[in-house]
Amino acid sequence: MSVVTLTLNDELISANSDQSLLEVIREHDIYIPTLCHMEGLSERGGCRMCLVEVQGSRTLQAACVTEVAEGMVVTTHSERLRKYRRMTLELIFAERNHVCAVCVMNGHCELQAVAAIEGMDHVRFDYLHPDLPMDISHERFGLDHNRCILCTRCVRVCDEVEGAHTKDVLGRGINCRIINDLNQPWGSSQSCTSCGKCVEVCPTGALFRKGATVAEMVKRHDFLSWITSGREKNEWDYAGQAPYYATERRKE
Ligand code: SF4
Ligand code: SF4
């Protein structure tokens with residue numbers, strides 16, 4: 001790993017060569033919106049909210065999946081970027097049903113918050129609003145496809161952190177759906193451990209706890225950094241150090 005120098009919004013800065021642009025931008029306290037990104041999960045670059053301008057590049061780049069490079073010149077805010085972010089948000093709102101007033105996540109939804117920050121006050125595109133089913137077969141959780149923005153946080157946390165890989169994506173384009181196992185009802189999944197991690201990372205009301213009121217639907221993300229940093233530091237590696245229960249059993 002080496003240190004590179006780049007220009008971020010007209011300021012000369014240095015960064016580690018293995019950092020992403022998004023990490024560096026956040027380190028410098030510059031706000032750019034994200035929806036699919038989540039600290040502790042792999043990057044997907046799917047929501048396109050963190051697009052930035054990189055001098056010399058014909059297209060806009062997603063900061064979360066772009067590594068810093070020596071001499072890079074990056075702009076995080078411009079009229080062009082504002083228009084793209086706004087249009088992307090409007091397309092998300094037009095695709096499925098995101099009527100906040102009747103959503104259990106109203107007031108706690110990341111999509112709603114990003115739209116407010118970006119000043120999205122109307123949608124210029126025709127609403128598709130397909131009538132998608134809900135899966136409420138799980139005894140504790142529900143999945144409402146109408147609220148899903150296909151960020152795949154649930155898929156990644158289930159695979160990368162829980163290790164169950166219950167969730168996946170079926171289909172392409174606007175026909176994409178989040179599925180459980182081989183597209184079976186969540187409640188009959190053999191691989192789901194009912195840990196609830198997917199529900200906690202979901203940015204919208206697509207995944208929810210059954211019986212929770214609007215006021216109770218605050219989602220917790222702190223468990224993710226706790227688990228991932230604990231794994232990195234081997235805090236739960238008992239090799240060479242017998243766990244308490246094993247010591248006690250040996251005494252018996
Ligand atoms: S509850 Fe846990 S195991 Fe089940 S789908 Fe969600 S993250 Fe995966
Ligand atoms: S269910 Fe939630 S976490 Fe999963 S893809 Fe849809 S919006 Fe993202």
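Guide: Helices (H or I, at least four residues) and strands (E, at least two) are DSSP runs, numbered from the N terminus. This is a predicted model, where local features need pLDDT of at least 70, side-chain atom pairs count only at pLDDT 80 or more, totals for chains, interfaces and linings use all residues, and side-chain values use heavy atoms, leaving out hydrogens and water. Residues are numbered from 1 along each chain as its sequence is written, while chains are lettered from A and ligands numbered from 1 in the order in which they are written.

Visitor: Which phi does asparagine 234 take, just after α6?

Guide: Helix α6 covers residues 222-232. Just after α6 comes asparagine 234 with a positive phi, about 55 degrees.

Visitor: What arc do the buried residues of α6 cover around the axis?

Guide: Buried means under 20% relative accessible area (1.4 Å probe, protein chains only). In α6, Phe223, Leu224, Ile227, Thr228 and Gly230 are buried. They sit on the same side of α6, because their arc, taken from the directions from the helix axis to the C-beta atoms, is only 160 degrees.

Visitor: Which residues are exposed on the other side of α6?

Guide: Exposed means over 50% relative accessible area. On that other side, the exposed residues are Trp226 and Glu232.

Visitor: How far is the sulfur of cysteine 50 from the closest cysteine sulfur?

Guide: A disulfide is a pair of cysteine sulfur atoms within 2.5 Å, and the count here comes to 0. Cysteine 50 is buried, at 2% relative accessibility. Its closest cysteine sulfur, in cysteine 64, is too far for a bond, at 3.8 Å.
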